Amino acid sequence: MNRTSLLAIVTLLSGCNSTYSVSDSELTAKSTVTLCHELAASTYEQYRIRAAALLVKRGATAEKCMRLVQADNAVATGIAVAAVGGAAVAVAANNGGGGYYAPRPVYGIAWDQFYGQGHNLIWRCRDRATGRFVDDYYCAGMPMIDTAWPGWSA
């Protein structure tokens, strides 16, 4: 597709006649990428014709405009993804980092005393609802009495 076909396509596809006006200096101050975006989005016939003529003077073809718009949209998408990723990192950092969040046990917690390797006595904090170990700080401040779990107790 050559440069004159870009102008012809714009002329054929534009359907609205309007009084929307932009000065020549405003139009020429816009970047080629901006003009390509506006050419694709505008419904004002005269503006589209003038923008297409300026793009042709700048050496932009329809294919080049499409590539520029696609590349610009990809950059914008990358920026948005980076912003969302940055927000996720910030949330993780505020929740202790590492992307790991251990929810507080709902039903309750209790100390459990048991034998570990080498027959050493170990105190660990457990979730009463699931029996799973939780971080010991959940049981901090509670007396180390093993009345909730069956087995050996002190």
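## Buried positions and the segment after E2

In helix H3, which spans residues 32-41, the buried residues include Leu35, Cys36 and Leu39. These three lie on the same side of H3, because the arc they cover around the axis is only 100 degrees. The model described here is a predicted one.

Helix H3 belongs to a protein with five helices and two strands. Along the sequence the order is α-α-α-α-α-β-β, with strand E1 at 109-115 and strand E2 at 121-127. The protein has 154 residues, and 25% of them count as buried. Its accessible surface comes to about 10300 Å², and carbon and sulfur atoms hold 59% of that area. Among contacts with a separation of 6 or more, 52% join residues 24 or more positions apart.

Two residues of the segment after E2 can be described in some detail. One is Met144, and the other is Asp146.

Met144 has a relative accessible area of 44%, so the residue is partly exposed. Leaving aside residues up to four places away in sequence, Met144 touches Trp111 and Trp123. Met144 is also 8.5 Å from Ala110, C-alpha to C-alpha, although 34 residues separate the two in sequence.

Asp146 is buried, yet this residue has no salt bridge. The nearest side chain of opposite charge is that of Arg126, at 7.5 Å, whereas the cut-off for a salt bridge is 4 Å. What the side chain of Asp146 does reach is the backbone nitrogen of Gln113, at 3.1 Å.

The distances given for these two residues are collected below.

| Residue | Partner | Distance |
|---|---|---|
| Met144 (C-alpha) | Ala110 (C-alpha) | 8.5 Å |
| Asp146 (side chain) | Arg126 (side chain) | 7.5 Å |
| Asp146 (side chain) | Gln113 (backbone nitrogen) | 3.1 Å |

The loop between E1 and E2 contains His119. Is His119 buried or exposed? With a relative accessible area of 67%, His119 is exposed, since the cut-off for that class is over 50%. The backbone at this position is also worth a note. Most residues other than glycine have a negative phi. His119 is not a glycine, but its phi is positive, near 60 degrees.

Taken by exposure, the residues discussed fall into three classes. Leu35, Cys36 and Leu39 of H3 are buried, and Asp146 is buried as well. Met144 is partly exposed, and His119 in the loop is exposed.

Conventions:
Residues are numbered from 1 along each chain as its sequence is written. This is a predicted model: local features need pLDDT of at least 70, side-chain atom pairs count only at pLDDT 80 or more; totals for chains, interfaces and linings use all residues. Side-chain values use heavy atoms; hydrogens and water are left out. Helices (H or I, at least four residues) and strands (E, at least two) are DSSP runs, numbered from the N terminus. Buried means under 20% relative accessible area, exposed over 50%, partly exposed in between (1.4 Å probe, protein chains only). Contact means heavy atoms within 4.5 Å. Accessible areas come from the Shrake-Rupley method with a 1.4 Å probe; for residues, only the protein chains shown count as cover. The arc is that of the directions from the helix axis to the C-beta atoms. Lys and Arg count as positive and Asp and Glu as negative; His and the chain ends are not counted. A polar contact is a pair of N or O atoms within 3.5 Å; within protein, one must be able to donate a hydrogen and the other to accept it, and residues adjacent in sequence count only if both atoms are side-chain atoms.
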